[in-house]
Amino acid sequence: MINFERFILNFFATFELFVSRKYVFGDKAFTRVRKMSQKNYTKYILTQFGCNGYTESIRFFTKSLNRKFETITSQAIGKQRMFLKPELYKDLTDSFIDKLYGEYKGFSKFKGYVVCACDGSIFSLPITKTTRKEFDVPDDSIFEVHRVRSRVSCIMDVNSKFILTSKIVERSVDEITLALDHLKELNKRFNIRKFITIYDRGYVSLELMLNTEEIGSKYLIRLKKNSFINQRKYICGDDGIIRVNWINSRLNGIRDEKLRKKAKENKFLEIRIVKVKLKTGEIELLATNLTKEEFTTEELKELYNQRWEIETGFKKLKSLVRIEEFTGNRRIIIEQDFYAHIFIYNLANAIKNDGQNKITRKPRNKEDQIIYQPNFSKIVGNIYLYFPDLLGENSSKKRITLEFLINQASKELVQKNMNKTKCDIRKEPDITNKHPGNTRRSH
């Protein structure tokens, strides 16, 4: 069991590194003496609850700056935030993850591999003309309503539950493009040869497979029923190799010129196709470049089942972290909020892991197979309440605050009954109900 408490404290001790001029637009920004400095604004964005700008500013002045009965206008906050680059919070998140995986070398590995899942989701954005313009959303017409939305893509470690890389872009950007961008980024930050990335049916792409092989990494993709249907005819049994020839129509789909040239020279791509039977009796097809010596058919089936963790991660981001509650209409502010919330999610996950290690509660009935887990919602709520202390200058106060957060995580629990065999039927939400009974927020 890994204890993240020391790591978190050491990481927050380096927070000053992100209060840098390289994250500022323009030479004159944050040079005058104002109510809030560049450092204050950097902290302010991380500590927002999701209230209106006026309330957030009063709380920040009182809690973080110890200046009671002071405030600042929302217009002034919005104006100064336009000078801060969103890359600040992306780098903050990347640094947190990179240092974590660098310090704990054997952390979160299965058979020597870091197992990840890649997926995308559609996020709602503020319904304003400014947001429409900056995210390339057309105006509504008499024929169609164009909702103001963006596409978000993430790669998550399915074992540790940490988000390794994420991106928010226009909805018009396709998932394959984002997946390729993720792989390029992770290849710079990690030894991606020891990564297995799991994809759903929307990611069936020869370009993605070829790129993954080119960087020496591994993939596992759920296929559509008609994927490689002609090549699959020659497979004997439930586990075999197919060869996909690089004809011109397939080569034209590869955007990287060097990769296209190499594919043309190799003439074909070998793909392992595995048939797995689900509990429902349905047959699913999985494509991979993992060999039979590395993973058996059953192991690949269990491996793909772990992809569901990224769906749970998106649910937490939306319903518990409240990532879609953006505090501005401009793209730069939306990106600031997005990457700051990704950092909050990863921090909460680290505290959750430490809290899990300290749980002592046992089920009253020894025959009940009940697993107790920290309540993620309450962890997030506590982080927002005590974040100013974690970002403060007092190291002793930081340590006491973090100890409290971890201790609370080990006490405020939810339970999972492993004896439960019958799954509840998932019901669609009633969109006509304006007052559902489960919308109480942790922050």
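**Notes on the predicted model: aromatic pairs, strand S5 and the cavities**

1. Let's start with the rings: there are 29 aromatic pairs in the structure. One of them joins Phe30 and Tyr41 in a tilted arrangement, with 5.9 Å from centre to centre and 50° between the planes. Phe30 sits in the loop between helix H1 (5-12) and H2, while Tyr41 belongs to helix H2, so this pair links distant parts of the chain, 11 residues apart. Buried or exposed, these two, Phe30 and Tyr41? Both are buried. Keep in mind throughout that this is a predicted model.

2. Helix H2 has another ring worth a look. Tyr44 pairs with Phe60 edge-to-face, at 5.4 Å centre to centre and with 90° between the planes. Because Tyr44 lies in helix H2 and Phe60 in helix H3 (residues 53-63), the pair ties together parts that are 16 residues apart in sequence. As for how covered the two rings are, Tyr44 has 2% relative accessibility and therefore counts as buried. Phe60, at 1% relative accessibility, counts as buried too.

3. Now to strand S5 (residues 218-222), which is mostly covered, with 5 of its 5 residues buried. In a regular strand, side chains alternate between the two faces of the sheet. Which residues of S5 go on which side? Lys218, Leu220 and Arg222 are on one side, Tyr219 and Ile221 are on the other, and all are buried, leaving both faces covered. If you are scanning the sequence, note that Lys218 and Arg222 are on that list of buried residues.

4. What are the partners of S5? Strand S4 (residues 195-199) runs parallel to S5, and 4 bridges join the two. Within that pairing, Thr197 is opposite Tyr219 of S5. Strand S8 (residues 283-288) also pairs with S5, this time in the antiparallel sense and over 3 bridges. Here Leu220 has Thr288 of S8 as its bridge partner.

5. The connection from S4 to S5 deserves its own point. Together with helix H8 (residues 206-214), S4 and S5 make a β-α-β unit, and it is right-handed. If you want to find it on screen, pick out S4, H8 and S5.

6. A quick word on Leu180, which is found in helix H7 (residues 175-189). Its relative accessibility is 8%, so Leu180 counts as buried. How far apart are Leu180 and Met209, in sequence and in space? They are 29 residues apart in sequence, and their C-alpha atoms are 9.8 Å apart in space.

7. On to empty space. Rolling a probe the size of a water molecule over the atoms shows where such space is left. Searching the whole structure turns up 3 cavities of 30 Å³ or more. The largest cavity has a volume of about 80 Å³.

8. What surrounds the largest cavity? Its lining is made of 14 residues, and those nearest the centre are Ile45, Gln48, Gly50, His341 and Tyr384. Helix H2 (38-46) and helix H14 (331-357) are the elements that give two or more residues to this lining. H14 supplies the largest share, 4 residues. By character, the lining residues of the largest cavity divide into 6 nonpolar, 5 polar and 3 charged. Helix H2 therefore comes up again: Tyr44, part of the pair with Phe60, lies in H2, and H2 contributes to the lining of the largest cavity.

Terms used. Residues are numbered from 1 along each chain as its sequence is written. This is a predicted model: local features need pLDDT of at least 70, side-chain atom pairs count only at pLDDT 80 or more; totals for chains, interfaces and linings use all residues. Side-chain values use heavy atoms; hydrogens and water are left out. On a 1 Å grid over the protein atoms alone, a cavity is a set of points where a 1.4 Å probe fits but cannot get out, and a pocket is an open set with protein on both sides within 12 Å along at least five of seven lines; lining residues have an atom within 4 Å of a point. Grid points are joined across faces, edges and corners, and a volume is the space filled by probe spheres set on the points. Ala, Val, Leu, Ile, Met, Phe, Trp, Tyr, Cys and Pro count as nonpolar, Asp, Glu, Lys and Arg as charged, and the others, Gly among them, as polar. Buried means under 20% relative accessible area, exposed over 50%, partly exposed in between (1.4 Å probe, protein chains only). Two strands pair if DSSP finds at least two bridges between them. A crossover is right-handed if, with the strands pointing away from the viewer, the path from the first strand over the helix to the second runs clockwise. Rings of Phe, Tyr and Trp (its six-membered ring) pair if their centres lie within 6.5 Å; planes under 30 degrees apart count as stacked, over 60 as edge-to-face and the rest as tilted.
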